[in-house]
Amino acid sequence: MYMRRGNLSAKLLNICVASFCKAKQLVKAEAVIVDGIRLGILPNVVTYNTLVDAYCRFVGLDAAYCVIHRMREAGINPDVITYNSLIAGATKKNLFSKSLDLYEDMHREGISPNIWSYNILMHCYFKLGKPDEANKILHEIIFHNFSPTPVTFNIMINGLCKNGYVDNALMLFRYLHRCRFVPHLETYNILINGLCKSGRLGAVKRIFKDLGESGHKPNAITYNTVMKCCFRSKQYDLGLEIMSQMRSKGYTYDGFAYCTTISALLKTGRIYDANAFMEEMMRNGIELDIASYNTLINLYCKEGNFEAAFGLLDKIEKEGLECDQYTHMIIINGLCKAGKIVEAQRQISRMGFHSNLVASNCLIDGLCRYGQIDRAIELFESMEIKDSITYTSLVHNLCKARRFRYASKLMLACFRSGMKILKCTQRAVLDGLRDSGYRNDARKLQSRIRLAKMLKMLGSKERWVMECGVGHLKLCTIDDCLLQPGFRSSGESYLALLLRPLGVTDPLSCSVNKERALKRCVFMAFRTVMMSKVLHRSSVSGARSMSSWWRSVEPAPKDPILGVTEAFLADPSPDKVNVGVGAYRDDNGKPVVLECVREAERRIAGSLNMEYLPMGGSVKMVEETLKLAYGENSDFIKDKRIAAVQSLSGTGACRLFADFQKRFRPDSQIYIPVPTWANHHNIWRDAQVPQRTFHYYHPESKGLDFAGLMDDVKNAPNGSFFLLHACAHNPTGVDPSEEQWREISYQFKVKDHFAFFDMAYQGFASGDPERDVKSIKIFLEDGHHIGIAQSYAKNMGLYGQRVGCLSVLCEDEKQALAVKSQLQQLARPMYSNPPVHGALVVSTVLGDPDLKKLWLKEVKDMADRIIGMRTALRENLEKLGSPLSWEHITNQIGMFCYSGLTPEQVDRLTNEFHIYMTRNGRISMAGVTTGNVGYLANAIREVTK
Ligand code: PLA
């Protein structure tokens with residue numbers, strides 16, 4: 001009990017809650033509230049705001065949302081302070097777009113922002129790289145006569161500087177002076193920092209002077225920043241003067257200040273002062289990190305002050321710090337550069353760096369610098385591993401020593417090992433050879449360079465196994481070929497072997513000089529192989545190859561659903577049954593054209609011209625379709641808040657949305673249920689939207705994995721896209737209950753997820769299209785902005801007509817118009833505009849009350865026949881004495897039964913009984929008839945025995 005009767009007051013409650021929140025003790029704060037309620041003190045808006053703020057700071061936005069939910073349940077609406085906490089919370093987590101969205105939410109709730117909301121908002125805009133928007137906010141603040149706070153200006157100045165508008169920041173700063181706002185010291189510091197970062201030393205000096213006159217006293221941050229700026233602009237003396245001013249004011253020096261000062265002193269050649277500083281720093285026990293030590297060691301080495309450098313090395317050891325990989329190398333490099341080769345070698349052996357490549361490279365460089373090139377060559381030859389730096393530095397120095405032939409030999413060796421040498425060094429060698437009269441060598445070298453480049457292009461290093469189109473050919477470098485064991489003696493046969501696949505039978509017959517001929521032939525073979533490889537490559541990358549444009553195109557795998565129909569059609573058996581694709585059949589197994597559709601066709605026959613529909617399709621059809629999904633009298637339709645276009649049936653709607661998602665939320669992903677209609681994966685894959693999955697089906701219970709689903713929804717990053725089946729889930733036939741949909745919707749709200757409904761079977765779940773949109777209705781009631789893909793393939797039997805609709809619910813009419821125009825823009829280069837006939841059929845059926853009634857009846861008939869077949873299949877299986885449970889056949893709804901048959905069992909059904917279905921065990925109940933249900937049940941019984 002944290003509250004006791006006697007001193008009861010809401011104020012006291014709030015004080016208690018606030019102090020616990022401040023101390024990060026949220027559990028206690030909650031306990032106080034519970035106690036309060038028990039004693040009759042109800043938390044008020046201040047209490048809740050304190051909690052929201054604490055949760056935002058210490059826990060996370062989701063937790064804060066929960067508090068807001070409780071708050072609303074208690075009848076208290078969030079106010080500007082609540083929203084400010086949320087916005088600040090999102091901003092702190094760098095979720096800047098989220099902050100802007102929250103700001104919009106606040107606006108929508110009719111809550112006016114205060115100066116703090118504006119401040120955070122400005123900060124977000126800057127972070128998002130939108131200084132113009134931030135500027136607009138500042139104008140709004142001034143225009144609405146809100147009093148800007150010093151923070152307002154700090155944010156503006158900082159933001160402008162960081163976005164590269166230093167001059168505007170300066171202008172704003174001067175404007176402050178003119179308006180007699182006295183800028184705070186922090187404002188000065190921010191401006192100085194910004195100016196410093198863009199190298200504006202002049203302005204820094206002026207502002208620093210102003211600061212002195214303004215009555216503020218510069219603090220350590222000011223001094224440090226100005227000093228840094230001076231050093232950065234190489235004004236070491238000025239920097240050092242600032243440093244002494246700072247010291248005279250008694251500000252303590254930190255590691256950073258020491259380091260920059262020492263570095264400046266060294267750069268101005270005041271080694272003595274630098275050492276004094278270093279000693280002082282050590283005396284003061286300032287701790288440096290290893291990177292700072294490395295910087296200092298490097299500076300000392302450059303100055304040739306190795307004593308100090310080694311001193312620092314000792315200090316590092318004494319402090320128990322770990323040297324990183326550079327520390328010793330810096331010293332070794334410094335010693336080499338200073339010509340102290342012996343010391344460097346001593347250091348190398350002390351550290352056990354004998355076979356260290358970097359250390360050896362330093363040594364080679366040092367030896368060459370000080371004219372000991374032969375020793376460098378000696379060292380080079382003894383090295384086991386070399387890199388391009390090793391080669392480049394030696395070749396470069398050999399050129400300097402005018403030893404071009406040796407340089408060219410090394411250069412070749414370098415290429416042969418698959419490494420590069422600097423272009424200018426290559427040129428120096430070639431020029432050098434030519435100038436010294438070795439023209440032939442230069443020419444040879446050049447062709448070798450070309451060859452090396454070609455090989456590099458082929459991605460080859462030392463040896464190549466290449467495909468030459470006619471057969472496999474193993475090739476080595478030319479020299480390697482000639483050195484093959486036994487090559488010289490049985491050269492001809494080896495070569496013949498090499499060249500046979502290329503159609504060369506007698507390579508040597510016409511030549512006198514065998515060895516030259518051999519070399520030449522190998523080289524020719526080489527070139528042919530390389531050419532074939534190049535051609536092969538370019539054919540892979542889409543260019544023309546010699547034999548065919550599409551040689552690299554492999555047959556695509558069969559579609560798991562439509563491939564079943566193909567196989568079914570190819571089967572001559574009279575017993576064959578197709579329960580693969582989800583297409584409705586009558587009880588004779590024949591495709592059905594609905595009576596309402598036939599009547600509509602009669603009515604429109606001849607009235608139709610063949611003009612293009614607009615890019616967005618038939619307006620009338622879209623209007624009727626939206627009514628089916630959003631409700632006959634939906635306000636969203638009246639307020640024109642829905643962006644909708646006619647689509648190429650359900651698939652086209654999904655694809656159009658996926659492309660839209662990729663274009664306008666390029667970094668987003670899509671969460672897809674497991675399992676789902678197989679084509680969903682293809683659609684979002686081809687739209688290049690990364691896919692994630694969420695739990696949906698529980699194989700043991702053959703029902704919904706609600707807990708798994710909710711966990712995945714909760715764990716997905718806020719603002720994720722989810723694909724949901726509005727009803728009659730394909731393939732499982734398992735839908736969430738109404739209560740579960742409500743919970744899903746609530747969690748989506750908490751997490752700010754986007755729900756995209758694929759509604760391919762409206763009417764097939766319950767027999768009534770209106771009842772089947774329950775899920776969508778719940779989401780709409782909860783205020784979600786959703787997207788819907790609708791299809792008339794199944795519920796109007798218009799499979800091949802490809803009529804459907806994509807809709808996206810927007811914030812207002814303006815946004816809806818923008819979204820619609822973008823959807824049309826996406827459609828235009830894909831298929832320009834949708835087909836007209838089916839759309840006219842749909843609008844005729846739905847636009848006529850009698851035809852619509854007939855349609856509703858026919859939908860119900862189809863659904864009822866399927867339900868009847870479910871019972872028949874189950875009963876048949878049970879009658880046959882199958883010991884397994886077949887309850888799920890009648891529990892599941894919609895067009896499919898997710899039977900639980902394994903892929904092997906499905907294969908047996910197909911091979912032994914000519915029954916075709918997808919390998920995931922999905923049975924399209926629409927293909928089951930009174931005539932085949934017994935046969936089907938028997939076959940299933942057989943394969944599940
Ligand atoms: N969404 C789902 C969940 C589907 O099952 C289907 C069709 C569609 C969209 C797309 O239908 P539409 O483009 O023809 O409007 N699924 C079928 C056919 C019926 C198919 O795979 O294309 C199936 O057998 O699963």
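Which residues touch the most other members of the largest nonpolar core? In this predicted model, they are Leu-86, Leu-191, Ile-262, Leu-296, Ile-297, Tyr-300 and Leu-394, out of 147 residues in that core. The largest share of the core comes from helix 7, residues 115–127, which supplies 8 residues.

Take Leu-296 as one example. Setting aside residues up to four places away in sequence, Leu-296 touches Cys-259, Ile-262, Met-278, Met-281, Leu-288 and Leu-312. Ile-262 is therefore on both lists: it is a contact of Leu-296, and it is named with Leu-296 among the residues that touch the most other core members.

Apart from this core lies another, of 93 residues. Its members include Leu-613, Ala-644, Val-734 and Phe-748.

Next, the charged pairs. The count of salt bridges comes to 37. I will go through three of them.

The first on my list is Asp-752 with Lys-98, where the closest N and O atoms are 3.1 Å apart. Where do the two partners sit in the chain? Lys-98 is in helix 6, residues 96–108, and Asp-752 is in the loop between helix 37 (738–751) and strand 10 (754–759). The pair links distant parts of the chain, 654 residues apart. Are the partners buried or exposed? Lys-98 has a relative accessible area of 12%, so it counts as buried. Asp-752 is at 37% and therefore counts as partly exposed.

The next pair is Lys-852 with Glu-632, with 3.6 Å between the closest N and O atoms. Lys-852 belongs to helix 42, residues 849–879, while Glu-632 is in the loop between helix 32 (619–630) and helix 33 (635–638), so this salt bridge ties together parts that are 220 residues apart in sequence. On accessibility, Lys-852 is buried at 17%, and Glu-632 is partly exposed at 48%.

The remaining pair is Glu-595 with Arg-602, whose closest N and O atoms are 3.2 Å apart. Glu-595 is partly exposed, with 39% relative accessibility. Both residues also belong to a network of salt bridges that links Glu-595, Glu-599, Arg-602, Arg-603 and Asp-848.

Now some backbone geometry that you may want to check on your own screens. There is a cis peptide bond between Val-674 and Pro-675, with omega at about -5°. Pro-675 is in the loop between strand 5 (670–674) and helix 35 (678–686). Another cis peptide bond joins Asn-730 and Pro-731, with omega at about 10°. Pro-731 is in the loop between strand 9 (721–725) and helix 37.

Which non-glycine residues have a positive phi? Two to mention are Lys-640, with phi of about 55°, and Ser-649, with phi of about 60°. Lys-640 is in the loop between helix 33 and strand 4 (642–648). Ser-649 is in helix 34, residues 649–664, and is buried at 2% relative accessible area.

Ser-649 brings us to the ligand. How many residues surround it? The number is 17, and the closest are Ser-649, Thr-651, Asn-730, Asp-758 and Tyr-761. Asn-730 has already come up, as a partner in the cis bond with Pro-731. Helix 34 gives the largest share of the shell around the ligand, 3 residues.

For the polar contacts, start with Ser-649 again: one of its polar side-chain atoms is 2.5 Å from a ligand oxygen. For Asp-758, a polar side-chain atom lies 2.5 Å from a nitrogen atom of the ligand. Ser-791 has a side-chain N or O atom 2.6 Å from an oxygen atom of the ligand. On its own the ligand has 530 Å² of accessible area, and the protein covers 93% of that.

Last, Ala-827. This residue is in helix 40, residues 813–831. Is Ala-827 buried or exposed? Its relative accessible area is 2%, which means that it is buried. Leaving out neighbours within four places in sequence, Ala-827 is in contact with Leu-656 and Ser-832. The C-alpha atoms of Ala-827 and Ser-647 are 8.8 Å apart, with their positions 180 residues apart along the chain.

To recap: the largest nonpolar core has 147 residues, and another core, apart from it, has 93. Ser-649 has a positive phi without being a glycine, and it is among the closest residues to the ligand.

Definitions and conventions
Residues are numbered from 1 along each chain as its sequence is written. This is a predicted model: local features need pLDDT of at least 70, side-chain atom pairs count only at pLDDT 80 or more; totals for chains, interfaces and linings use all residues. Side-chain values use heavy atoms; hydrogens and water are left out. A nonpolar core is a set of buried Ala, Val, Leu, Ile, Met, Phe, Trp, Tyr and Cys residues joined through side-chain atoms within 4.5 Å. Buried means under 20% relative accessible area, exposed over 50%, partly exposed in between (1.4 Å probe, protein chains only). Helices (H or I, at least four residues) and strands (E, at least two) are DSSP runs, numbered from the N terminus. Contact means heavy atoms within 4.5 Å. A salt bridge is a side-chain nitrogen of Lys or Arg within 4 Å of a carboxyl oxygen of Asp or Glu. A residue is near a molecule or strand if one of its heavy atoms lies within 4 Å of it. A polar contact is a pair of N or O atoms within 3.5 Å; within protein, one must be able to donate a hydrogen and the other to accept it, and residues adjacent in sequence count only if both atoms are side-chain atoms. Accessible areas come from the Shrake-Rupley method with a 1.4 Å probe; for residues, only the protein chains shown count as cover.
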